[in-house]
Amino acid sequence: MRVDVNKIIDNAKLNSFQINLALLGFLFTVVEGFEMICLGLITKDVADDWGIAPQALEYAHLAVLIGILLGSLIAGVITDKIGRRKSILLMFTLATIGMGLSFFITNMTQMVVLRFMTGFGAGGALPIAIALVAEYAPLKYRNMIVVFAYAGAPFASYVGGYLGNYFINAFGWQGIFVLGVILASPILLWMYLWVPESVKYMVLNDVDTPKAKSLLIKVEPSLELSEEDELFINEPILTKGPFASLFSQGRVLVTSFLWLAFIAGQFIIYIMSLWLPTILQSAGWEAGLSRNAVGHYYLGASIGGIIIGYLADKYSASKVLIYAFPLASVLYYILGQVVHDQELWFLIAPFAGAIAVGATLGLAPLAASLYPTAIRGTGVGSALGVGRIGSIITPMVGAALLATNITATNFYLIAMIAPIVSSVSIFILVYYKNKKAI
């Protein structure tokens with residue numbers, strides 16, 4: 001008997017296997033997200049310690065983001081070559097080592113090198129995790145599960161914003177890296193002991209068929225398979241390489257506008273995580289409170305991401321995101337107007353984070369749904385990787401804005417542009433897909 005792996009997974013009931021994988025994905029992206037943004041929490045502390053202006057750390061911020069870009073692009077390709085498990089363990093181990101060594105930083109050169117190393121590993125591991133979780137998730141819950149896993153990234157800012165203060169008080173600004181290692185170590189061990197290979201990857205590449213069958217039974221325990229049963233993936237055969245296939249078979253506009261939406265989305269995430277504490281301090285906020293504010297904003301982002309994932313499963317990701325991004329612009333405008341009323345800012349900030357960052361998280365399951373298994377890792381990895389262009393420009397934009405002594409109100413006016421770009425991109429993408437379907 002021939003067994004369609006996609007059909008089995010799509011129609012499976014949600015069970016402990018998928019829930020454990022989603023939970024591991026969430027905890028993993030908490031660590032990866034923290035590794036990406038931790039410098040933003042201590043920018044002013046490092047600047048004061050080294051006797052430099054905060055914008056002088058622009059190149060350290062840029063190093064981690066370039067590392068993330070290259071890591072995403074390279075990992076997206078190698079995961080479709082050597083598998084999800086080997087790739088994610090390699091990248092996550094590299095990021096954890098980079099975080100540990102960062103405790104010993106004494107100058108800008110070391111900061112730039114280790115930020116690049118950490119970013120390369122973190123950026124490479126993230127798209128692999130998203131692809132792996134998506135490939136095991138039942139169709140009915142796929143968007144919500146993927147966004148739940150991805151929601152760990154903004155939740156990291158909540159963890160860093162609140163727990164970071166304790167470690168900074170104990171160890172100085174280097175304490176933020178101690179917290180990173182403490183978070184990463186148990187997750188890395190769990191991954192080495194438990195994280196599975198993608199059953200879809202195994203079937204597509206004819207790797208360890210008995211193991212693939214046992215993994216498929218974990219997804220659907222009622223399934224009975226014999227040695228004679230043949231597993232297969234009912235997807236079109238690629239006529240080109242993985243990256244070239246992103247632009248073949250009518251995918252040129254889909255891939256292009258997806259990338260543009262990701263670029264704007266990454267700008268949304270990093271303009272806040274890298275520069276919001278410094279901007280709020282320039283508006284008169286106390287340093288500890290400004291870090292708490294970032295945590296408060298990103299707590300809403302994590303919750304909002306899960307809600308948007310649920311709505312995406314019910315109405316489709318594209319339809320939800322078209323409305324979410326314009327609303328994010330409105331909330332950014334409001335935050336800029338109330339920045340000197342701290343109580344009101346704290347009231348509105350979680351909603352802004354929920355919509356703005358939550359919508360950005362919704363781009364990941366949208367990307368995973370647009371590509372077949374053979375190029376899913378490449379598709380998600382390239383979207384996240386190219387999207388890093390948005391994050392790479394944030395250090396330069398932020399530094400330039402600080403150099404002009406920009407007010408917090410005007411800072412938010414600049415930030416409003418990115419969600420509008422994402423919304424327009426998705427609108428065009430949806431219009432093109434609908435027109436093509438007709």
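Start by selecting T118, which sits in helix α5, the stretch covering residues 108-136. One thing to keep in mind as you click around: this is a predicted model. Now colour T118 by accessibility. Its relative accessible area is 0%, so T118 is buried. To see what surrounds T118, set aside the neighbours within four places in sequence and show the contacts that remain: E35, A95, G98, M99 and S102.

**Next stop: helix α4**

Some of those contacts lead straight to the next selection. A95, G98 and M99 are among the buried residues of α4, so pick out residues 84-101, the span of that helix. Helix α4 has 18 residues. Put a distance line from the first C-alpha of α4 to the last and you get 26 Å, close to the 26 Å expected at 1.5 Å a residue. Which residues of α4 are buried? Highlight R84, S87, I88, L89, M91, F92 and T93, then carry on with A95, T96, G98 and M99.

**Over to G67**

Now select G67, in helix α3, which takes in residues 58-82. Is G67 buried or exposed? With a relative accessibility of 0%, G67 counts as buried. Add G119 to the selection and draw a line between the two C-alpha atoms: G67 and G119 are 52 residues apart in sequence, and the line reads 4.6 Å. G119 is also one of the residues that G67 touches, together with F116 and F120, once residues up to four places away in sequence are left out.

**Along to T29**

Helix α2 runs over residues 16-50, and T29 is in it. Select T29 and check its accessibility: at 1%, this residue counts as buried. What does T29 touch, beyond residues up to four places away in sequence? Show L126, A149, Y150, G152 and A153 as sticks and you have its contacts. For a longer line across the view, go from T29 to R85. These two are 56 residues apart along the chain, and their C-alpha atoms are separated by 15 Å.

**The loop before α8**

Move on to Q174, in the loop between α7 (152-171) and α8. Q174 has a relative accessible area of 19%, and buried means under 20%, so Q174 still counts as buried. Show its contacts next: leaving out residues up to four places away in sequence, Q174 touches F103 and I105.

Follow the chain into α8, residues 175-194, and stop at P186. Here the accessibility is 47%, so P186 counts as partly exposed. Then add S248 to the selection. P186 and S248 are 62 residues apart along the chain, with their C-alpha atoms separated by 42 Å.

**Two loop residues with a positive phi**

Now for some backbone angles. Most residues other than glycine have a negative phi. Select D206, though, and you'll find a positive phi of about 55°, even though this residue is not a glycine. D206 lies in the loop between α9 (199-204) and α10 (209-219). With 62% relative accessibility, D206 counts as exposed.

Where is N405? Look in the loop between α17 (373-403) and α18 (408-415). N405 has a phi near 55°, again a positive value in a residue other than glycine. The relative accessibility of N405 is 68%, so this residue counts as exposed.

**Zoom out**

Finish by clearing the selection and viewing the whole protein as a cartoon. How many helices and strands are there? The secondary structure comes to 19 helices and two strands. The radius of gyration is 21 Å, close to the 22 Å that the globule rule gives for 438 residues, so the protein is as compact as a globular protein of that length. Turn the C-alpha trace along its principal axes, and it spans about 70 × 50 × 35 Å.

Colour everything by accessibility and you'll see that buried residues make up 61% of the 438 residues. Switch on the surface: the protein exposes about 16700 Å², and carbon and sulfur atoms supply 67% of that. For contacts between residues at least 6 apart in sequence, 84% join residues at least 24 apart. Last of all, colour the charges. There are 25 positive and 24 negative ones, and their mean positions are 8 Å apart.

Technical notes. Residues numbered from 1 in each chain as written. Predicted model: local features only at pLDDT ≥ 70, side-chain atom pairs only at ≥ 80, totals over all residues. Heavy atoms only, no water. Helix = DSSP H or I, 4+ residues; strand = E, 2+ residues; numbered from the N terminus. Rg over C-alpha atoms; globule rule 2.2 N^0.38 Å. Buried < 20%, exposed > 50% of the residue type's maximum accessible area, 1.4 Å probe, protein only. Contact = heavy atoms within 4.5 Å. Areas by Shrake-Rupley, 256 points an atom, 1.4 Å probe, with all protein chains shown as cover. Lys, Arg positive; Asp, Glu negative; His and termini not counted. Charge placed at Lys NZ, Arg CZ, Asp CG, Glu CD. Expected span 1.5 Å × (residues − 1).
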